[in-house]
Amino acid sequence: MRRYFIGLLCLFLLVMQGMAMSLLPSSLVYSDLLMTPHWILIFLLIVTIFYDNDNTYYAVWHALFFGLLLDVVYTGVLGVYMATYAVVIYIIHGINKLLHANFVTASILAVIGVALADTILYVVYSFVQITAMAWWDYVVLRLLPTLAANMIFFIILYPLVKERVFKLGEEINNT
């Protein structure tokens, strides 16, 4: 069961991510601010920081699979989330090799990861003409609220899964 913890939690977050907007107050949902939950990405960033070694890429494989599931379930363009999440996790994995894993580092990497992922998604959707939002409007109305909402989720999720993910990584890497 321990081997499937990451996949099962990602599957749970995939379902909950779809219901995230219904959990918010209607005054916030119907405002001009647009928030995109990247809960799977947040969890996979924690996995990247505390589970993966320098030469293992479990989080990248999970990002590919669950990114594809996100594309199939929630978007009309296949491969966008899959590629974006995998690239962002790979970049954060590379940066993490240079840093010591703690809450502050994980928070900074989470902000970088979510900002990078959401910006890549904006650029791709602009390129295929799914969105026509101006850059400044995107930053103010979507990127900043998305960062704030996902950081709140990170602060809630971090103490719940950090130790479990770290211990699971130690167990699997020692066998």
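Which residues make the nonpolar surface patch of about 470 Å²? They are Leu68, Val72, Val73, Tyr74 and Leu78. Keep in mind that this is a predicted model.

Take Leu78 from that patch. Leu78 sits in the loop that runs between helix 4 (58-74) and helix 5 (80-96). With a relative accessibility of 60%, Leu78 is classed as exposed, because anything over 50% gets that label.

Now for the rings. The model has 13 aromatic pairs. In one of them, Trp39 and Phe153, the ring centres are 4.5 Å apart and the planes meet at 10°, so this pair is stacked. Planes under 30 degrees apart are what it takes to earn that word. The pair also ties together distant parts of the chain: Trp39 belongs to helix 3 (residues 39-50) and Phe153 to helix 7 (residues 135-174), 114 residues apart.

Are these two partners buried or exposed? Trp39 is buried, at 15% relative accessible area, and Phe153 is buried too, at 13% relative accessibility. Both calls follow because buried means under 20%.

Elsewhere, Phe50, Phe103, Phe154 and Tyr158 come together as one aromatic cluster.

Finally, a couple of charged side chains lie over ring faces, as listed here:

| Charged residue | Ring | Distance to ring centre |
|---|---|---|
| Lys162 | Phe166 | 5.7 Å |
| Arg164 | Phe5 | 4.9 Å |

So if you are browsing the structure, there is an exposed Leu78 to look at in its loop, and a stacked Trp39 and Phe153 pair.

Methods
Residues are numbered from 1 along each chain as its sequence is written. This is a predicted model: local features need pLDDT of at least 70, side-chain atom pairs count only at pLDDT 80 or more; totals for chains, interfaces and linings use all residues. Side-chain values use heavy atoms; hydrogens and water are left out. Patches are made of residues with over 30% relative accessible area and no salt bridge: like charges are joined within 9 Å, nonpolar side chains (Val, Leu, Ile, Met, Phe, Trp, Tyr) within 5 Å. Accessible areas come from the Shrake-Rupley method with a 1.4 Å probe; for residues, only the protein chains shown count as cover. A salt bridge is a side-chain nitrogen of Lys or Arg within 4 Å of a carboxyl oxygen of Asp or Glu. Helices (H or I, at least four residues) and strands (E, at least two) are DSSP runs, numbered from the N terminus. Buried means under 20% relative accessible area, exposed over 50%, partly exposed in between (1.4 Å probe, protein chains only). Rings of Phe, Tyr and Trp (its six-membered ring) pair if their centres lie within 6.5 Å; planes under 30 degrees apart count as stacked, over 60 as edge-to-face and the rest as tilted. A charge sits over a ring if NZ of Lys or CZ of Arg is within 6 Å of the ring centre and within 35 degrees of the ring normal.
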